[in-house]
Amino acid sequence: MKDKIKYLVMDVDGTLTDGKIHIGHEGEIFKTFSCKDGLAIQDILPKTDIIPVIITGRNSKILENRCKELRIEKCYQGIRNKTAVLDEVLAGQYTYENVAYIGDDLNDLPCMETVKTNGGLIGCPADAAKEVIAIADFVSAKDGGNGAVREFIEWLLQK
């Protein structure tokens, strides 16, 4: 199974983070990422030839910095139609069955359903929306931002 997967598509808020956005008194924004997720993305994925891809609905300089740190080259922010962006990423080279997607909420659902219907794999954190949990192939024991992505990666590599 892992040889079939070429892309790991990840949502950010609620998946790579706990979904909380901390706003300081001067409008500064803070997010928290899991080092366990980061290590898996940066050190484990490159050994598997699975390319990490981020498709998220929000725009954030914080995310740009995190992607640079983890060497994630495919990062799409401010996206409402995640399926359309995924189609661009695949660009005729691969199909949805070559995708593993991890997300947590209703804005991920249309893309997740497309991936799943066409043979790809779906994962989510333990605290994902019930509609996402209902279609997931893998539900992490961890909440978003607390190692759920790492667990999904490890699960993918065992398949």
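**View 1. Helices α3 and α4 meet through a small set of named residues.** In this predicted model, Lys82, Thr83 and Leu86 of α3 come into contact with Pro110, Cys111, Thr114 and Val115 of α4. The two helices, α3 and α4 (residues 109–117), pack at an angle of about 45°, and their axes lie 8 Å apart. With that angle, α3 is oblique to α4.

**View 2. Helices α1 and α2 pack against each other too.** Here α1 (residues 35–44) and α2 (residues 61–70) cross at an angle of about 50°, with 9 Å between their axes. This pair is therefore described as oblique. If you would like to find the contact in the structure, look on the α1 side for Cys35, Gly38, Ile41 and Gln42, and on the α2 side for Arg66, Glu69 and Leu70.

**View 3. Six strands line up in an open sheet.** Reading across the sheet, the order is β5-β4-β1-β6-β7-β8, and the pairing is parallel. Which strands sit at the edges? They are β5 (74–76) and β8 (138–139), each of which pairs on one side only. Helix α3 packs on this sheet, where α3 touches β1, β4, β5 and β6. The direction of α3 makes about 150° with that of β4.

**View 4. Strand β4 has β1 and β5 as its parallel partners.** On one side, 4 bridges join β4 (residues 51–55) to β1 (residues 7–10). Within this pairing, Tyr7 stands opposite Ile51, and Leu8 has Pro52 as its bridge partner. Toward β5, the count is 3 bridges, and Val53 of β4 is partnered with Lys74 of β5. Is β4 enclosed or open to the outside? Of its 5 residues, 4 are buried, so β4 is largely enclosed by the rest of the structure.

**View 5. Tyr7 and Tyr94 form an aromatic pair.** The structure contains 4 aromatic pairs. In the one shown here, the ring centres of Tyr7 and Tyr94 are 5.9 Å apart and the ring planes are at 80°, so the arrangement is edge-to-face. The pair brings together distant parts of the chain: Tyr7 belongs to strand β1, Tyr94 belongs to the loop between α3 and β6, and 87 residues separate them. Their surroundings are worth a look as well. Tyr7 counts as buried, at 3% relative accessibility, whereas Tyr94 is partly exposed, with a relative accessible area of 32%. Elsewhere in the model, Phe138, Phe152 and Trp155 make up one aromatic cluster.

**View 6. Asn98 is tucked into a loop and counts as buried.** Asn98 is found in the loop that runs between α3 (82–90) and β6 (99–102). How accessible is Asn98? Its relative accessibility is 11%, and so Asn98 counts as buried. Leaving aside residues up to four places away in sequence, Asn98 touches Lys4, Ile5, Lys6 and Tyr7. Tyr7, one of these contacts, is also the residue opposite Ile51 in β4.

**View 7. The cysteines shown here are without disulfides.** A disulfide is a covalent bond between the sulfur atoms of two cysteines. The count for this model comes to 0 disulfides. Why is Cys35 unbonded? The closest cysteine sulfur to that of Cys35 belongs to Cys67, 15 Å away, which is too far for a bond. Cys35 is exposed, with a relative accessible area of 65%. Cys75 is in no disulfide either: its nearest cysteine sulfur, again that of Cys67, is 3.6 Å away, and the cut-off is 2.5 Å. Cys75 is partly exposed, at a relative accessible area of 25%.

**View 8. Thr32 sits in the loop leading from β3 to α1.** The loop holding Thr32 lies between β3 (29–30) and α1. Thr32 is partly exposed, and its relative accessible area is 45%. Its contacts, not counting residues up to four places away in sequence, are Leu16, Thr17 and Asp18. For a sense of scale, the C-alpha atoms of Thr32 and Asp137 are separated by 26 Å, and the two residues are 105 residues apart along the chain.

Methods
Residues are numbered from 1 along each chain as its sequence is written. This is a predicted model: local features need pLDDT of at least 70, side-chain atom pairs count only at pLDDT 80 or more; totals for chains, interfaces and linings use all residues. Side-chain values use heavy atoms; hydrogens and water are left out. Buried means under 20% relative accessible area, exposed over 50%, partly exposed in between (1.4 Å probe, protein chains only). Contact means heavy atoms within 4.5 Å. Two strands pair if DSSP finds at least two bridges between them. Axes are lines fitted to C-alpha atoms, for helices over the stretch in contact, and angles run from 0 to 180 degrees between N-to-C directions. Rings of Phe, Tyr and Trp (its six-membered ring) pair if their centres lie within 6.5 Å; planes under 30 degrees apart count as stacked, over 60 as edge-to-face and the rest as tilted. Angles under 35 degrees count as roughly parallel, over 145 as roughly antiparallel, 65 to 115 as roughly perpendicular and the rest as oblique.
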